[in-house]
Amino acid sequence: MELTVWGIITALFVGLIIGALGRLVVPGRQDMPIWLHMVIGVGAALLGTVLARAVGIATVTAGIDWAELLVQVALAAVAVALVAGFGSRRRGVTHR
């Protein structure tokens with residue numbers, strides 16, 4: 001895999017979208033700044049790509065890799081839920 005400037009820009013752009021999708025998948029209100037969702041999305045996109053390639057599902061379909069995208073969104077949703085839950089407990093917010 002060759003790392004190019006366009007590859008990095010694409011990864012960042014896809015990561016922003018993944019972060020937004022991860023935010024939408026998690027139910028309830030997340031009291032987190034949008035930049036944190038973006039950072040989580042970029043991390044989930046990169047980790048999802050690595051996991052999808054390791055398992056062998058990254059090249060299943062031609063064009064958009066839907067399986068890889070699903071892995072990335074799932075990772076982003078889990079990360080958003082963990083960070084939002086940790087942050088709310090840290091601030092003393094109780095859920096009813």
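Two residues are in contact when heavy atoms of theirs lie within 4.5 Å, and in this predicted model residues 24 or more positions apart account for 66% of the contacts in the protein chain that have a separation of 6 or more. The chain holds three helices and zero strands, and, read along the sequence, its pattern is α-α-α. Of its 96 residues, 29% count as buried, while its accessible surface comes to about 6800 Å², of which 72% belongs to carbon and sulfur atoms.

Helix 2 is a useful place to begin a walk through the model, and it covers residues 34-55. With 22 residues at 1.5 Å a residue, helix 2 should span 32 Å, and the distance of 31 Å between its end C-alpha atoms agrees with that expectation. After helix 2 comes Gly 56, which has a positive phi, near 100°. The buried residues of helix 2 are His 37, Ile 40, Gly 41, Val 42, Ala 44, Ala 45, Gly 48, Thr 49 and Ala 52. As a general point, an α-helix has 3.6 residues a turn, so residues three or four places apart point the same way.

Helix 2 also has a part in the surface of the model. A nonpolar patch is formed there by Leu 16, Ile 34, Trp 35, Met 38 and Val 39, which together have about 480 Å² of accessible area, and helix 2 supplies the largest share of this patch, namely four residues. One of the patch residues, Ile 34, belongs to helix 2 and counts as partly exposed because its relative accessibility is 47%, a value that falls between the 20% below which a residue is buried and the 50% above which a residue is exposed.

From the surface we can turn to the interior. In general, nonpolar side chains of soluble globular proteins tend to be buried together. In this model the largest nonpolar core consists of six residues, Val 26, Met 32, Ile 40, Ala 77, Val 80 and Ala 84, and helix 3, which covers residues 66-90, gives the most to this core, with three residues. A second, separate core has five residues, among them Ile 18, Ala 44, Ala 45 and Val 73.

Individual contacts show how members of the largest core meet other parts of the chain. When neighbours within four places in sequence are left aside, Val 26 is in contact with Ala 77, Val 80 and Ala 81. Seen from the other side, Ala 77, which lies in helix 3, is in contact with Gly 22, Val 25 and Val 26 under that sequence restriction. Ala 77 is buried because its relative accessible area is 10%, which is under the 20% cut-off. Although Ala 77 and Gly 22 are 55 residues apart in sequence, their C-alpha atoms are 4.1 Å apart in space.

Ala 84 is another core residue found in helix 3, and with a relative accessibility of 15% Ala 84 counts as buried. Leaving aside neighbours within four places in sequence, Ala 84 is in contact with Gln 30 and Met 32, of which Met 32 is itself a member of the largest nonpolar core. Ala 84 and His 37 are 47 residues apart in sequence, and their C-alpha atoms lie 10.0 Å apart in space; His 37 is among the buried residues of helix 2.

Key: Residues numbered from 1 in each chain as written. Predicted model: local features only at pLDDT ≥ 70, side-chain atom pairs only at ≥ 80, totals over all residues. Heavy atoms only, no water. Patch = residues over 30% accessible without salt bridge, like charges linked within 9 Å, V, L, I, M, F, W, Y side chains within 5 Å. Areas by Shrake-Rupley, 256 points an atom, 1.4 Å probe, with all protein chains shown as cover. Salt bridge = Lys/Arg side-chain N within 4 Å of Asp/Glu carboxyl O. Helix = DSSP H or I, 4+ residues; strand = E, 2+ residues; numbered from the N terminus. Buried < 20%, exposed > 50% of the residue type's maximum accessible area, 1.4 Å probe, protein only. Core = buried A, V, L, I, M, F, W, Y, C linked by side-chain atoms within 4.5 Å. Expected span 1.5 Å × (residues − 1).
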